[in-house]
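Work through the exercises below with the sequence and the model open. Each task is followed by a solution in steps.

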Amino acid sequence: MSFLSSASPKLPPWKVLLVDDEPDIHDITELTLSRFRLEGRALSFVHAYSGAEAKQVLARESGIALVFLDVVMEREDSGLEVARWMREDLGNQFTRIVLRTGQPGQAPEQRVIIEYDINDYKAKTELTTQKLFTTVISALRAYESLMMLERSRIGLGKILAGATNLYQIHSLREFASGVLNQVSAILDVGADGVLCLMQGGAGGPEVVAATGTYATLAESEALPADHALAPTIAKAFAEKRSQFEHPANVLFIHTEGNRELAISVTPPWPLAQIQRD
């Protein structure tokens, strides 16, 4: 796992918010981390120059993984107030917070760590290039772990909520459409999906259900051979195993009744291992 390799254009960057009233700190931090890569993903920077501006950005922007937060800005405790507001008022428990200060004595580290839900506390003078990289890597890995747990929790809730609806569906096609919607919701990959059934004989896969941009396929008896998903779905049936070839991901299922099914979804980025599982 490299953090100095070329990022794939298909992978979204990690979003980092820099909060500091000194423009030079923004410039130096962004320059230092310009070549940073973790899991093939670069960094995307958002900037705020005061505590008040930081609150506006946090309320507006979603998916911020890490905040570098200056303590002393328009007030001596501006950064601490933003940290408290994030956790208590905004309800953001996932974004990692690294406090940075040029005046450590004004906000003693031990008191701050105990009283505020922050994840690290650094003096600006101690953040060398290597320490900055290490801090960012640790924070992003912790953020991703928390988000995976949250996705699992939400997914389980959706399974439980959707189970009753699925049991009430009697038509195979309606049931299959319900399965597609549930899988897409659990994985949070959008509504585009296809469920195919492989019938006996030499025929190709039969489209049982299709949703999102693939909805028109539901009107076809068989999956068109020239469709973009056809090669991956055919490979899943031929090898009798799931295929995870971004952007086409195919779950292969062999039922007790000797039926073979393939469920295909096309998320905007490669599925994480927990999503594959």
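A residue counts as exposed when its relative accessible area is over 50%, and as buried when that area is under 20%. The model used throughout is predicted.

**Exercise 1. Classify Gln130 and Ala139 of helix H5 as buried or exposed, and place each in the fold.**

Step 1. Gln130 belongs to helix H5. Its relative accessible area is 52%, so Gln130 is exposed.

Step 2. Ala139 is also found in helix H5, which spans residues 129-167. Its relative accessibility is 9%, so Ala139 is buried.

Step 3. Look for partners distant in sequence. Gln130 and Thr32 are 98 residues apart in sequence, with 9.6 Å between their C-alpha atoms. For Ala139 and Val98, 41 residues apart along the chain, the C-alpha separation is 8.3 Å.

Step 4. List the contacts of Ala139. With residues up to four places away in sequence left out, Ala139 touches Leu66 and Arg96.

**Exercise 2. Describe how helices H2 and H3 pack against each other.**

Step 1. Start with the axes. Those of H2 (residues 51-60) and H3 (residues 78-89) come within 9 Å and cross at roughly 25°.

Step 2. Name the arrangement. Angles under 35 degrees count as roughly parallel, so H2 is roughly parallel to H3. The crossing of the two helices is right-handed.

Step 3. Identify the residues that meet. H2 contributes Gly51, Ala54, Lys55, Leu58 and Ala59, and H3 contributes Glu81, Val82, Trp85 and Met86. Sorted by class, this contact has 6 nonpolar, 1 polar and 2 charged residues.

**Exercise 3. Which residues have the most contacts inside the largest nonpolar core, and which element gives the most to it?**

Step 1. The largest nonpolar core has 24 residues, and those with the most contacts inside it are Leu17, Val19, Leu58, Val67, Leu69, Leu99 and Ile118.

Step 2. Assign the core to elements. Two or more residues come from each of strand E1 (14-19), strand E2 (43-48), H2, strand E3 (64-70), H3 and strand E4 (96-101). H3 gives the most, with 5 residues.

Step 3. Take Ile118 as an example. Apart from residues up to four places away in sequence, Ile118 touches Ala83, Ile97, Leu99, Val112 and Ile113.

Step 4. Check for another core. A second, separate one has 21 residues, including Leu38, Ala65, Leu132 and Phe133.

**Exercise 4. Which residues of helix H7 are buried, and what covers them?**

Step 1. In H7 (residues 230-239), the buried residues are Ala230, Thr232, Ile233, Ala236 and Phe237.

Step 2. Their cover includes strand E6 (193-198), strand E7 (205-211), strand E8 (243-245), strand E9 (248-254) and strand E10 (260-265).

Step 3. Examine Thr232, which lies in this helix. Its relative accessible area is 9%, so Thr232 is buried. Leaving aside neighbours within four places in sequence, Thr232 is in contact with Gln243, Glu245, Ala248 and Val250.

Step 4. Look just past the helix. H7 is followed by Lys240, which has a positive phi near 55°.

**Exercise 5. Summarise the protein chain by its elements, burial and contacts.**

Step 1. The protein chain has 8 helices and 10 strands.

Step 2. Of its 277 residues, 42% are buried.

Step 3. Among contacts with a separation of 6 or more, 58% are between residues 24 or more positions apart.

Definitions and conventions. Residues numbered from 1 in each chain as written. Predicted model: local features only at pLDDT ≥ 70, side-chain atom pairs only at ≥ 80, totals over all residues. Heavy atoms only, no water. Axes fitted to C-alpha atoms, helices over the stretch in contact; angles between N-to-C directions. Helix = DSSP H or I, 4+ residues; strand = E, 2+ residues; numbered from the N terminus. Parallel < 35°, antiparallel > 145°, perpendicular 65-115°, else oblique. Left-handed = near helix turned anticlockwise from the far one by under 90°. Contact = heavy atoms within 4.5 Å. Nonpolar A, V, L, I, M, F, W, Y, C, P; charged D, E, K, R; others polar. Core = buried A, V, L, I, M, F, W, Y, C linked by side-chain atoms within 4.5 Å. Buried < 20%, exposed > 50% of the residue type's maximum accessible area, 1.4 Å probe, protein only.
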